[in-house]
Amino acid sequence: MSPNPSRNIPSAKNYKKHFIPLESNPDVFNQLIRLLGAPESLVFEDVFTLDEPEFLPHPAVALVLIFPAGEGYEARLAMEEAARHDNIPGDSGKEVTWFKQTIHNACGLYAILHALSNGESRALIEPDSILSSILERCQGLEPQEQAAVLEDSQELEAAYNQVAAQGDTAAPDNPEDEVYFHYVCFTRSNVNDRLYELDGDRKGPIDRGAVLRPNDDVLSEGGLAVIREYIEREHGNTGFGLMALPEMSAPHRSVTNIRGGQGPGSTVTPSSPHTPPRAAPSAFGSPSTLRAEEDLLVIEIGSRFLRVGFAGDTTPRVQLQLPPEQQRRVGDYRLWTASSEEDWTKRERGSHWGEDYELWRYDVRSIDLGLVEDKLHRLLRDAFSKYLLIDSKPRRIALVLPSSLPLPLLSTTLDLLFNHFHAPIISLLSSATMSTVAAGVRSALIVDLGWAETVVTAVYEYREVSCTRSVRGGKHLVSSLHKVLKDALREQGTAVRETDDNEAEERHILSFGECEDICTRVVWCRPSNKTAQSQPREGEGLPTVQEQDELEHEAPSAARETKTVTIPLQTTRPPTSLRIQFSRLADACENTYFEDRPGAPYSFDDEELPAHWLIYQHLLHLPLDVRATCMSRIVFTGGCSKILGLKGRIYDEVVELARAREWDPVTGRGVEAVRKNLKLRRHGSKLTSGGPTGVLGQDEGDEDGVWHDAANAGPETNAIDEKLDRRKAQAVHGELRAVESLGPWSGASLTCQLKVLAVANVEREAWQLHGVNGASRPADVDVKTQQRQSLGAGGLMRGAAGGQDRAWTLGPWGTL
């Protein structure tokens, strides 16, 4: 939890100095302790659970608890302090080092000082540092004199102000405002191994009665019992946060212990919260090696979702979205107001329906890049802390993105990952290429039925060859469904609240979230009314007629047309139930992906084609060898591909187009006349399909048994080669076929697990030096030379060490 300045509590204390409160964020705390003189081996980490020992960061030398300091806490604190003695001895001879807080809103700073000045961490403080100087000056002084030393320390104040304003939440404008939360520290005594509570607002340290054994740390059962006692006092209040200060370089904090094993000299050592039980190579030998071989994170970012997981997993750990109700900030209570249910109707003129549900849009002219960065930051924070259970240490990241992502959005994403999550290196992977990998093939035609667009990409030997797109996507599908539901409500005669007549056509009668939910559940796609099996090829005669009962054939279709379903609508005013024919729910899909008539919403652009025409034209313009390979490996991906019957309908329409028009880019009446003339077809096929012609004047009937047409003779067969060819799996070429894929994230996970070097690798030092302007053109970078330099275990990390002088590229994402 972070300090919330929205609630001001009157304070009876008079302070001479006021600080901005610290956010309860391990990154902020770690930056501050580095400035004070703590070594790299001491790192604050979040504690996510008290009931699962395997996720506790052992060995912890101190705990920092943040809890709500409301009126109940203030009253309890006054009663407990009134019963204590007023004579608190100085530092000499005490069991712990304790500082009296005389700086307003600096309880986080005092908790850090208490954590570093006691127990095992005190011996690790670097000499000639800010904290070592303060401890030396406070030696033998009384509490009030020690407090004066902290107040007068300019170095301490400068280090604090350097990090106080950082974090995910906005700092209060006035440092004198009271905040709702308070920090306290729990640490082991320097003398008697007892657990002490150190709070600068009290009269002195408090012995909590827990005796820690030599092999125990502050996260043992005695320490956890004290934390649970604090939580139980608040009767269900969830505003608690706990951070631990583990010693990373301790001998018993080996890689085996971190990964869930047992270390020497200890019976059971729980693992770290940032590494769930996963297989670890036995070659790890030191903490530096562990950092070099840390788990690689795979992040896929779409226009409305974010998938995060570890490389090598079959599926992502979590898929997150950010609907409008989750985009509230601290102090935003609009969700509980009486008019919040009508907020979705109050969108600005010209803004697209449902744009509040998007993370970003391709049109960067109308979006706030700072807001995009904030949304991604919140989602990644939630994914790391709640689902992946990892800490804030730098980790390599593989970023799966569409290759058409604009450079401003790509730059914003890389700035976020480098500056806030400190990734040492980021590998950029194309969504289309990773879908090809997840399908188990090297080449494919990827049809992404996405939210904003339908994108067709030809991938040949793991490289994108060409890409075409259409605005017919999920966004227009939901809008088309809303029109169908709106017309059905009017036909039903249901009275729903409308605005004036001029806005009635543009006004939405139900919310975007409910309309999308209906689209996900009940929208379907009609099958194709003409297939390749039912239509004969021209010149092949009439099809065979089979007798069948007409009533038997028409009965299922008639039943499907007349069947009705009832859909409850909760966001209409008033709420109502809609009875609609089931067949009408397919109109939305028909109007979005297959509508092809003059005056249609998509007819303004000559390149804006229905989905099946888009695929056919894309294949038609590919080189012959690429087309023969890709057409037999058509992969449908994207959220809209899950709509019932849509993939089959698009595939059948493409097959019908290929059967009717073949693969000839030349069209017209002359071509049709040649196709329909059987004599011309036979003559043309005889001249062209058989290869070179024979000798002039030599007819087929003149052969005397000696003459052989060597020009048209086939190669001699070899029995051994034939047997070997039978064992080889023949690749399918030249025929339309659809294959399944596990999706871009799974393909990226497999690629990273196999340690395949990506074409675009961006290093943190190079990015911070020049940003997106430092990227070279792909043709100017010798990728093969860099790959040879990076071979072997840890080669990627060695290459990153001197990466500032190396040329790097963004691959298919281009350059400025």
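Two strands pair if DSSP finds at least two bridges between them. In this predicted model, two bridges join strand E2 to strand E8 (residues 241-246), and the two strands run antiparallel. This briefing covers two open sheets, a pair of packed helices and the surroundings of one strand residue.

**The antiparallel sheet**

- Strands E2, E8, E3, E5, E6 and E7 form an open sheet of six strands, in the order E2-E8-E3-E5-E6-E7, and the pairing is antiparallel.
- Strand E2 (45-46) and strand E7 (206-211) are the edge strands, each pairing on one side only.
- Within the pairing of E2 with E8, Glu-45 has Ala-244 of E8 as its bridge partner.
- Helix H3 (residues 107-116) packs on this sheet and touches strand E3 (60-68), strand E5 (181-188), strand E6 (194-198) and E8.
- The direction of H3 makes about 5° with that of E5.

**The mixed sheet**

- A further open sheet of six strands follows the order E11-E10-E9-E12-E13-E21, with mixed pairing.
- Strand E11 (318-320) and strand E21 (760-763) each have a single partner strand, so one side of each is left without a neighbour in the sheet.
- On average, and with direction ignored, neighbouring strands of this sheet are turned by 20° against each other.
- Strand E9 (residues 297-301) and strand E12 (residues 397-401) run parallel and are joined by four bridges; Leu-297 stands opposite Ile-397 in E12.
- Helix H24 (residues 744-753) packs on the sheet, where it touches E9, strand E10 (306-310), E12 and strand E13 (425-430).
- The direction of H24 makes about 155° with that of E9.
- E13 and E21 run antiparallel and are likewise joined by four bridges, with Ser-427 opposite Asn-761 in E21.
- In E21, Ala-760 and Val-762 point one way, whereas Asn-761 and Glu-763 point the other way; all of these residues are buried.

**Helix H13 and its packing against H15**

- Helix H13 (residues 474-492) packs with helix H15 (residues 512-522) at an angle of about 95°, and their axes are 9 Å apart.
- Angles of 65 to 115 degrees count as roughly perpendicular, and H13 and H15 are therefore roughly perpendicular to each other.
- H13 contributes Leu-477, Val-478, Leu-481, His-482 and Leu-485 to the contact, while H15 contributes Phe-512, Cys-515, Glu-516, Ile-518 and Cys-519.
- By class, the residues of this contact comprise eight nonpolar, one polar and one charged.
- The buried residues of H13 include Leu-477, Val-478, Leu-481, His-482 and Leu-485, each of which also takes part in the contact with H15.
- Among the other buried residues of H13 are Gly-474, Lys-475, Ser-480 and Lys-486.
- At 1.5 Å a residue, the 19 residues of H13 should span 27 Å, which agrees with the 27 Å between its end C-alpha atoms.
- Gly-493, just after H13, takes a positive phi of about 85°.

**The surroundings of Thr-637**

- Thr-637 lies in strand E19 (residues 634-637).
- The relative accessible area of Thr-637 is 9%; since buried means under 20%, Thr-637 is buried.
- Apart from its neighbours within four places in sequence, Thr-637 is in contact with Ser-435, Ile-446, Val-447, Asp-448 and Leu-449.
- Thr-637 and Ser-741 are 104 residues apart along the chain, while their C-alpha atoms are separated by 7.6 Å.

Key. Residues numbered from 1 in each chain as written. Predicted model: local features only at pLDDT ≥ 70, side-chain atom pairs only at ≥ 80, totals over all residues. Heavy atoms only, no water. Axes fitted to C-alpha atoms, helices over the stretch in contact; angles between N-to-C directions. Parallel < 35°, antiparallel > 145°, perpendicular 65-115°, else oblique. Contact = heavy atoms within 4.5 Å. Nonpolar A, V, L, I, M, F, W, Y, C, P; charged D, E, K, R; others polar. Expected span 1.5 Å × (residues − 1). Buried < 20%, exposed > 50% of the residue type's maximum accessible area, 1.4 Å probe, protein only.
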